[in-house]
Amino acid sequence: MPVEQQGDTRIWRRRDRKAAWQHFGITLAVAALVVFCTKIISDQTTWEFVGSAPMQGADLAMRMWPPQLSYMAELWGPVVDTIHIATLGTILGVMIASPLAFLAANNTTPSRVFVRPVALALLVTSRSVNSIIWALMLVVIFGPGMLSGIIAIALRSVGFCGKLLYEAIEEIDAHTVEAVSSTGASRLQVLTFGVIPQIAPAFAGISVYRWDINIREATVLGLVGAGGIGMALQGAIDTLAWSRVSVIFLVILATVVLSEWVSAKARAAVI
Amino acid sequence: MSTAPPTTPPTAGAPQRWRRPPHIANPRTRWALYICASVYLLWALSSVEVDVARLFEGMSRARTFFAAALTPDFVTRWSDIRAGILESLTMTVVATVAGIALSVPLGLGAARNLAIRPVYLVCRAILAGTRAFHEIILAIMLVAMFGFGPFAGVVTLVVSTIGFLGKLIAEDIEAIQWNAVEAVESAGASWLQRVVYAVLPQIMPRFIGLSLYRLDINFRESAVIGIVGAGGIGATLTTAFDRYEFEAVSAILILIITTVFIAEYIAGAIRRKVL
């Protein structure tokens, strides 16, 4: 603890002189960076538009009100599609993520030098690319529709589920594994009786959590043509039918809230 | 889970075999659940329409796609790509800093143990509202209000940062050790002093970690909101897609992934240093 002598009194300081200067320097550099970036953004902004934003917002709200509730009848199909995309995408994603997680975890990987880095790189790649970008690519390959959406959701979920899952695998109790292998169990038996029972709750929890996130993601995939309610949203925005847009927003909100509730209940039941 | 493992009754000569107890003890509920799940899955699968002819056509596109992915073209569109990445990075910095600055007071207000009830309810409502919609939907609305360009993107990222950080900060504060607060309070500290000396030090390590994580998320999101016109590399990416310039697409994706890798590495280094 740095203490400074000043005449008769000893003054406590949080940092010694060198650390204080370092701290000051870093703070200054970060502040300069932020100011510089703010300047760039501000130069590229048409401030007249920003000034008129409250007016524009009010105008938009007027166009959206009242929501054209009769349009709801046409939305049931897209909503159900959205839920299907999320569910099937999550299942497919988890199916790809589980083996990858075992290859990535320190204690179950066949090779720490060769296999683990590859598995980790695949997981990071999957996480770095947003599901909308995956969908953009997949629509080119598979054409517009649910299939592209499902695969986009799956590819995006792999990184998330895989990361959480391999962390769960690394945290398991090694004693159980030792106990099972000391009975002469094979590698597969050690896995099924020593490892899997320990991670099963985490596995279920992670899947449900991802499903909940995927519902939200699936609502916008349609904007790039990958099925679900986003397609209806795109259509309504393109035709400037704002009273339909507001109905779609309400339906999305209801779906997201409902899925969050379902996921919270399901997770409470599993864990 | 049942406590006693169900074993087959020991009859003479029959081999005893242990079975794993089922997760749901009641067989009726278990089977009902299995059947419901299977029926739903069949329904969902049957609703996926697969156009085989289109798929074949897609396969040839997939080949050009993968060929392009292996030969990324950084050169032809370099000035666009560079401008896009730099814009994304500046948006990320501004939005993260502004988002953190706004989420701290909201997080303090949304912590049940610190704030009075009306403040708590208002802050919680704001946080729930900011998290309700996907970034893309926010961006669509904000672009309609602020016009095209990075400003709408920054506002989008700020709003989603508030929703994310504010909620987690509030939950962290609700889980702190109250003794420290009482100790500072007994020394005659005001509300602000209690927060600064007893609450913030306890949540600081996790707060820094979450902020770094959010920086990373904001960069990735900035690549997406450009698709609806809110600035950043996403705009360059959609243009490249629309022109079928898959070599440029691949270059952009590689740059995004590399940046995320570097960001994750730096964040890890900072976290080790701070914690």
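In which sense do strand 1 (residues 3–6) and strand 2 (residues 9–12) of chain A pair, and over how many bridges? They run antiparallel, over 4 bridges. The close-ups below start there, in a predicted model where local features need pLDDT of at least 70, side-chain atom pairs count only at pLDDT 80 or more, and totals for chains, interfaces and linings use all residues. Residues are numbered from 1 along each chain as its sequence is written, chains are lettered from A and ligands numbered from 1 in the order in which they are written, and side-chain values use heavy atoms, leaving out hydrogens and water.

**View 1. The hairpin of strands 1 and 2 in chain A.** Strands count as paired if DSSP finds at least two bridges between them. Helices (H or I, at least four residues) and strands (E, at least two) are DSSP runs, numbered from the N terminus. Here Gln5(A) has Arg10(A) as its bridge partner, while Gln6(A) is matched with Thr9(A). The hairpin has 2 residues between the strands, and Gly7(A) takes a positive phi near 65°. A word on confidence: pLDDT, the predictor's score for each residue, goes from 0 to 100. Within chain A it is lowest in strand 1, at a mean of 75, and highest in helix 4, at 93.

**View 2. Two loops of chain A with backbone features to look out for.** Most residues other than glycine have a negative phi, and most peptide bonds are trans. In the loop between helix 3 (53–64) and helix 4 (76–104) of chain A sits Pro66(A), and the peptide bond leading to Pro66(A) from Trp65(A) is cis, with omega near -5°. The loop between helix 10 (229–238) and helix 11 (242–270) of chain A holds Leu240(A). Leu240(A) is not a glycine, yet has a positive phi of about 55°.

**View 3. A salt bridge within chain B.** The term stands for a side-chain nitrogen of Lys or Arg within 4 Å of a carboxyl oxygen of Asp or Glu. Arg124(B) and Glu174(B) meet in this way, at 3.5 Å from N to O. The pair links distant parts of the chain, 50 residues apart: Arg124(B) belongs to helix 4 (residues 117–132) and Glu174(B) to helix 6 (residues 150–174) of chain B. Over all chains, the structure holds 14 salt bridges.

**View 4. Where chain B meets chain A.** Contact (heavy atoms within 4.5 Å) joins 52 residues of chain B to 57 residues of chain A. About 4,900 Å² is buried between the two chains, 77% of it from carbon and sulfur atoms; buried area is the accessible area (1.4 Å probe) that two parts lose on being put together, summed over both. On the chain B side, His134(B), Met145(B) and Phe151(B) lose the most area to chain A, together 11% of what that side buries.

**View 5. The salt bridge across the interface of chain B and chain A.** The rule finds 1 salt bridge here. Glu264(B) and Arg127(A) form it, with their closest N and O atoms 3.7 Å apart. For the complex, the predictor gives an ipTM of 0.79 and a pTM of 0.81.
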